[in-house]
Amino acid sequence: MDEFKKDLSQSALCDDNLNDLHSIISTYDYSLKTLLDKHAPVKSKTVTIKPSRPWFTSSLNSFKRVRRQLEKKWLCSRTQDDLNAFKKARNDFIAACDNAKRGYFSRQVQDCKGDQKKLFLLINKLTFRSTSNQYLPASIIKV
C-alpha cells in the first residue's frame, strides 16, 4: 500500500499546472489506469456454470463427503479393506442419488395432477426440448 501511495503522489495527478478541464480528465484517466494496471492488474477467471440440481440435498452432500474421505484413505493405504469400504460408500452414494432423483421427479409429476399441459411442459423441460413454435407465423404465409 505504501508503494501505491508513493506512486500516486509522484503521478501527474498531483501537478498544479493542469489548467483546462480536458487535460485534467485525460490526466486523471491515464494516471489512474496506469496505477491500477501496475498495482492491481486485471486477472481473467474461468467460471463453470453447473446445471441446477434441486434434488441434491445436504444428506447427499454428507454421503459424498464420506465417499471422498474413504477414497483418499484407500489411495494412501492401497489395502483391500479400505477399497471395500470405499466401494460400499460409493454404491451407497449412487443409490441415495438415484432415490433422491426418483423421489424429486415423482413429486414433480404428481404436482401436475392430471393437467396434461403442465405434464408435457414438465417433460419438455426435463428433456431439454424447445417449446418454441416451429411453424411460420400466419402473417408470412401467402395464400
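Read along the sequence, the protein follows the pattern α-α-α-α-α. That is 5 helices and 0 strands, and I should state at once that we are looking at a predicted model. Buried residues make up 16% of the 143 residues. The exposed surface comes to about 12500 Å², of which carbon and sulfur atoms supply 56%. As for contacts between residues at least 6 apart in sequence, 44% of them join residues at least 24 apart.

Let me turn to the second helix. Helix α2 covers residues 21-39. With 19 residues at 1.5 Å a residue, α2 should span 27 Å, and its end C-alpha atoms are indeed 27 Å apart, so the two values agree. Which residues of α2 are buried? They are S23, T27, S31 and L35. These four cover an arc of only 75° around the axis, and therefore sit on the same side of α2. On the other side of the helix, L21, H22 and K33 are exposed. The buried residues of α2 pack against α1, which comprises residues 2-9.

Next, the loop between α2 and α3. P54 is found in this loop. Its relative accessibility is 47%, so P54 counts as partly exposed: the value falls short of the 50% that an exposed residue must pass. P54 and K101 are 47 residues apart in sequence, yet their C-alpha atoms are 9.0 Å apart in space.

I come now to the nonpolar core. The largest one has 8 residues, namely W55, F56, L60, F93, A96, C97, A100 and Y104. Which helix gives the most to this core? It is α4, with 5 residues.

Two members of the core deserve a closer look. The first is F56. Leaving aside neighbours within four places in sequence, F56 is in contact with N61, K64 and F93. Of these partners, F93 is itself listed in the core.

The second is A100, which lies in helix α4. Is A100 buried or exposed? The relative accessibility of A100 is 19%, and since buried means under 20%, A100 counts as buried. Not counting residues up to four places away in sequence, A100 touches W55 and L60, and both of these belong to the core as well. A100 and L60 are 40 residues apart along the chain, with their C-alpha atoms separated by 8.5 Å.

That brings us to α4 as a whole, residues 80-112. This helix has 33 residues, which at 1.5 Å a residue should span 48 Å; the end C-alpha atoms are 48 Å apart, so expectation and model agree. The buried residues of α4 are D82, L83, F86, A89, F93, A96, C97, A100, Y104 and C112. Against which helices do they pack? The buried residues of α4 pack against α3 and α5.

Two cysteines appear in that list, C97 and C112. C97 has a relative accessibility of 10% and therefore counts as buried. C112, at 8%, counts as buried too. A disulfide is a covalent bond between the sulfur atoms of two cysteines. The structure holds 0 disulfides.

Finally, the backbone on either side of α4. Where does R78 lie? R78 lies in the loop between α3, residues 58-77, and α4. Although R78 is not a glycine, its phi is positive, at about 60°. With a relative accessible area of 54%, R78 is above the 50% cut-off and so is exposed.

The other case is K113, which comes just after α4. K113 is placed in the loop between α4 and α5, the latter being residues 116-126. Its phi is near 45°, again a positive value in a residue other than glycine. The relative accessibility of K113 is 73%, so K113 counts as exposed.

To close, let me restate the main points. The model has 5 helices and 0 strands. Its largest nonpolar core has 8 residues, and α4 gives the most to that core. The buried residues of α4 pack against α3 and α5, while those of α2 pack against α1. The loop residues R78 and K113 both take a positive phi without being glycines.

Terms used: Residues numbered from 1 in each chain as written. Predicted model: local features only at pLDDT ≥ 70, side-chain atom pairs only at ≥ 80, totals over all residues. Heavy atoms only, no water. Buried < 20%, exposed > 50% of the residue type's maximum accessible area, 1.4 Å probe, protein only. Contact = heavy atoms within 4.5 Å. Areas by Shrake-Rupley, 256 points an atom, 1.4 Å probe, with all protein chains shown as cover. Disulfide = S-S within 2.5 Å. Expected span 1.5 Å × (residues − 1). Arc of directions from axis to C-beta. Core = buried A, V, L, I, M, F, W, Y, C linked by side-chain atoms within 4.5 Å.
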